[in-house]
Structure formats: C-alpha cells, structure tokens
Amino acid sequence: MILNNSRPIRSYIKRQGRLTNAQKNAIEFHGRNYLMDFQDKHISFDNLFVKNLPIVFEIGFGMGGATHQITKDNPEKNYIVTDVHQPGIGNLIKLCTLDSLENIKIIEYDGLEVLRTMFINHCLLGINIFFPDPWHKKRHNKRRLINKDSLELFSKKIMFGGMLHIASDWEPYAMKIIDLIRQDSNYQIINNHFNERPKFRPETKYESRGIRLGHKVWDILAMRRKPL
Ligand SMILES: C[S@@+](CC[C@H](N)C(=O)[O-])C[C@H]1O[C@@H](n2cnc3c(N)ncnc32)[C@H](O)[C@@H]1O
C-alpha cells in the first residue's frame with residue numbers, strides 16, 4: 001500500500017515561545033471570555049457576541065497590540081481573529097481584559113482553515129491581514145498566505161461592498177499581491193497611495209521593526225465587488 005504522506009503547506013511555523021506570567025494568567029483566568037474553539041462546521045453568529053454586529057476577520061495578529069486597538073476603536077463591529085502563537089494570544093487576552101472589550105473572539109488555529117470551514121459565504125464585513133510572513137526565499141514562496149487561491153477564498157467570504165485590507169513591508173510580496181488583486185475581477189482596489197498608512201490602522205509591532213530596518217510599507221484596500 002502506498003501511503004500518502006503529503007502534508008498541507010502551512011503559512012506559519014508554530015514557534016514554542018515562552019509565555020510570561022501575565023500572558024499565562026490572562027489565558028487561564030480570562031480565556032473563557034475570549035477564546036473560541038475551531039469547529040469543523042459552519043458556525044452561527046447568534047449569541048456569539050454581546051451585540052449582533054457586522055464581523056471583521058483577521059489572520060495573524062501576532063502580539064495583538066494593533067488588533068486590540070482596532071477592536072477598541074470600533075465598538076460598532078465584532079472581530080474574530082486568529083493566530084497560532086500562544087504568547088500573542090495571552091497578550092491579546094490581557095489587553096482586551098484591561099478594557100473589558102466584548103466585541104472580539106480569538107481562535108487559535110490556521111486562519112485559512114477557519115475561513116474555509118466555519119463561515120458561510122459572504123458573511124464578513126471585511127478581512128484584515130497585516131504583515132503576513134514574507135517567506136522571501138524563492139523556495140519558500142509557496143508558503144505565502146496570500147496567493148490566487150486564498151484571494152478567491154477571501155472573495156467568497158466577504159460580503160459585496162466589504163473590504164479586504166492587507167499590509168506588507170516586503171516590496172516584492174506587496175507588488176505580487178497588488179498584481180493578483182488587479183487580475184481578480186472580484187475586487188476593486190480603492191486606495192491610490194499604497195505607501196500611506198490609513199489612519200484607522202495602528203502601526204503594528206512587526207511593522208515598527210520593518211520601519212526601523214528602513215522598509216517602506218504598503219497598505220492595500222480592496223473592495224469586494226458585486227458581480228455584474
Ligand atoms: C509577521 S507576523 C505579523 C503579526 C502582526 N500582524 C504584526 O503586524 O505585528 C505574522 C503572524 O501571522 C501568523 N500566521 C501566519 N499564518 C497564519 C495562519 N494561516 N493562520 C493564523 N495565523 C497565521 C503567524 O503566527 C504570525 O504571528
């Protein structure tokens with residue numbers, strides 16, 4: 001018998017990273033308010049949040065500083081956010097607890113799988129992906145989170161008129177993303193100045209590091225078009 005050992009190509013490496021006591025305590029004592037399990041089926045948004053509001057999904061919040069700020073700045077939206085990095089999950093729970101935020105849920109799982117499996121089509125107001133790992137070596141490019149297939153998946157889950165917001169400080173990746181989006185008739189890019197950070201997006205931790213290294217930053221805002 002030939003065994004099929006092929007494993008899916010993931011856009012992340014699960015790093016062990018030590019948790020601080022504060023992060024550990026946040027998960028232990030407040031995790032139940034914020035954490036949601038991955039489920040292998042569509043989920044209902046009824047009763048998930050205190051208020052029934054439009055939902056924005058995020059893949060890869062890292063340490064969660066920008067995600068916490070965005071959630072706090074936008075009480076008229078609910079957020080479902082994903083990452084696989086435990087210290088970041090602890091940190092985000094800690095920050096949200098300090099502000100008693102009620103409009104965010106965290107799923108520790110591959111964001112692409114969550115999107116594919118848990119959401120019905122066209123249910124999201126938007127998707128945010130800030131500084132996806134660049135996987136800059138040619139042989140690693142296949143691990144990039146954003147490609148033709150994932151853009152197609154995002155277009156299935158975002159409602160018409162909703163927004164895909166991607167930021168990157170890796171020029172070849174940013175150029176590739178812009179190219180792919182322009183070729184996809186499901187989207188219309190709505191910002192003209194890619195190197196201007198929109199006021200509603202706080203600087204992220206990964207971005208600050210890139211800026212210190214002299215990198216430029218691209219923000220790409222693409223609206224999900226209504227089919228003609
Ligand atoms: C370069 S970091 C950027 C983090 C944060 N957005 C920032 O700008 O500081 C990318 C993050 O995406 C996460 N990530 C990558 N692929 C993912 C996936 N498929 N699902 C969930 N998280 C993912 C990684 O674990 C990592 O924390």
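Student: Where does the ligand sit in this model?
Tutor: Keep in mind that we're looking at a predicted model. The protein covers 93% of the 600 Å² of accessible area that the ligand has on its own. As for the place where the ligand sits, that's the largest pocket.

Student: Which elements give two or more residues to the shell around the ligand?
Tutor: The shell around the ligand has 20 residues, with Ser-11, Asp-83, Gly-111, Phe-130 and Thr-204 the closest. Two elements each put two or more residues into that shell: β2 (78-83) and α7 (205-212).

Student: How far is a nitrogen atom of the ligand from a backbone N or O atom of Gly-111?
Tutor: Let's go through the polar partners. On the side-chain side, an N or O atom of Ser-11 is 2.8 Å from a ligand nitrogen. Tyr-206 uses a polar backbone atom, 3.0 Å from an oxygen of the ligand. For Gly-111, a backbone N or O atom is the partner, and its distance from a ligand nitrogen is 2.7 Å.

Student: Which helix is Thr-117 found in?
Tutor: Skip the neighbours within four places in sequence, and Thr-117 is in contact with Phe-38, Gln-39, Asp-40, Lys-41 and His-42. Thr-117 itself belongs to residues 111-118, which form helix α4.

Student: Is Thr-117 buried or exposed?
Tutor: Check the relative accessible area of Thr-117, which comes to 15%. The cut-off for buried is under 20%. Because 15% falls under that cut-off, Thr-117 counts as buried.

How values were computed: Residues are numbered from 1 along each chain as its sequence is written. This is a predicted model: local features need pLDDT of at least 70, side-chain atom pairs count only at pLDDT 80 or more; totals for chains, interfaces and linings use all residues. Side-chain values use heavy atoms; hydrogens and water are left out. Helices (H or I, at least four residues) and strands (E, at least two) are DSSP runs, numbered from the N terminus. Buried means under 20% relative accessible area, exposed over 50%, partly exposed in between (1.4 Å probe, protein chains only). Contact means heavy atoms within 4.5 Å. A residue is near a molecule or strand if one of its heavy atoms lies within 4 Å of it. A polar contact is a pair of N or O atoms within 3.5 Å; within protein, one must be able to donate a hydrogen and the other to accept it, and residues adjacent in sequence count only if both atoms are side-chain atoms. Accessible areas come from the Shrake-Rupley method with a 1.4 Å probe; for residues, only the protein chains shown count as cover. On a 1 Å grid over the protein atoms alone, a cavity is a set of points where a 1.4 Å probe fits but cannot get out, and a pocket is an open set with protein on both sides within 12 Å along at least five of seven lines; lining residues have an atom within 4 Å of a point. A molecule sits in a cavity or pocket if more than half of its atoms lie within 2 Å of its grid points.
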